[in-house]
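Let us walk through a protein model by following its aromatic rings and asking how they are placed with respect to one another.

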Amino acid sequence: MTIAAVMVYVEPTQQAEEQVAVARSIASKFGAAIIGVSAWAIEPTFVSGGVVISDTTPQDIMLMKATLAQKAEWFREVVGFPKERVEWRWAIEHPNVFLANEARSADLIVVRNPQQRVDPYRIADPADMVLRLGRPTILAPEHLHDLHADQIMIGWKDTREARLAVHNALPFLKAASQVTIAEICTSTEQDAARHRVRDVARYLQLHGVKSETEVRVHMVETDASHLIRMAKERGADLIVSGAYGHSRLGEWIFGGMTRTLIQESPFCLMMSH
């Protein structure tokens, strides 16, 4: 896999650079083009007791379109790349739907990973995007403006999603100075886990990636919290993992690695499904 085009979702009224700066640093790293995408959905009419409480007027829609179109200038200024390497796309559409459709044009998608509830009519939902995009997705924490990816932690689990995640991350892994493959397992699985992560390390070595392996036993803390702590110990700023090896509904009802990583990670997450 090569990275020739990076796509980033921009909120229509966004002022801070945040995830745009992260996408810019990735595009700079690989000499890629960058595509900014933004969307604003028309909210349904709210009626209470037969009375229209709120409605989107034609004037509102004109203002929404003007805001989205004018955002191109801000985006190009923040990115600072030559004109031919920057593109801006927008629509009056639900953000999740529009971004999922536009993802066909990029190798990698960057979205902001907010730590609080967001407006679904203007902001793409990161958990939903991981499932729908069909592309490796980087979830960038708020207030983060760069991604060095010099030291990377791979959260390994022997699933389809984890295999895909490692394959998709190869450009980053090849450029890193330290890669750690970590699996967290039960005490009775340690030998099998060591065999699995050594296999992954050998696969990466064939691609020119030097890596270390580490097997840890489940603790009281969640596996995701354990993985985040290991990443901190290693000085990593990127965690690579599969996403939703189980159903998303099951994860959000009963808890799971993907859900907790999205909620708690202070680092960028590179996820594949």
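Two rings of Phe, Tyr or Trp count as a pair if their centres lie within 6.5 Å, and the angle between their planes then decides whether the pair is called stacked, tilted or edge-to-face. With that in mind, a search of the whole structure, which is a predicted model, finds two aromatic pairs.

In one of these pairs, the ring centres of Phe30 and Phe172 are 5.0 Å apart and the planes meet at 75°, which is over 60 degrees, so the pair is edge-to-face. Phe30 belongs to helix α1 (residues 19–30) and Phe172 to helix α6 (residues 170–175), and the pair thereby links distant parts of the chain, 142 residues apart. As for the surroundings of these two rings, Phe30 is partly exposed because its relative accessible area is 22%, whereas Phe172, with a relative accessible area of 0%, is buried.

The pair formed by Phe75 and Trp88 is tilted, with 5.3 Å from centre to centre and 40° between the planes. Since Phe75 lies in helix α2 (residues 58–79) and Trp88 in strand β5 (residues 86–91), this pair ties together parts that are 13 residues apart in sequence. Both Phe75 and Trp88 are buried.

Rings can also be looked at together with charged side chains. The charged end of Lys71 sits over the ring of Trp74, at 4.4 Å from the ring's centre, while Arg85 lies over the face of Phe81, 4.2 Å from the centre of that ring.

Notes. Residues are numbered from 1 along each chain as its sequence is written. This is a predicted model: local features need pLDDT of at least 70, side-chain atom pairs count only at pLDDT 80 or more; totals for chains, interfaces and linings use all residues. Side-chain values use heavy atoms; hydrogens and water are left out. Rings of Phe, Tyr and Trp (its six-membered ring) pair if their centres lie within 6.5 Å; planes under 30 degrees apart count as stacked, over 60 as edge-to-face and the rest as tilted. Helices (H or I, at least four residues) and strands (E, at least two) are DSSP runs, numbered from the N terminus. Buried means under 20% relative accessible area, exposed over 50%, partly exposed in between (1.4 Å probe, protein chains only). A charge sits over a ring if NZ of Lys or CZ of Arg is within 6 Å of the ring centre and within 35 degrees of the ring normal.
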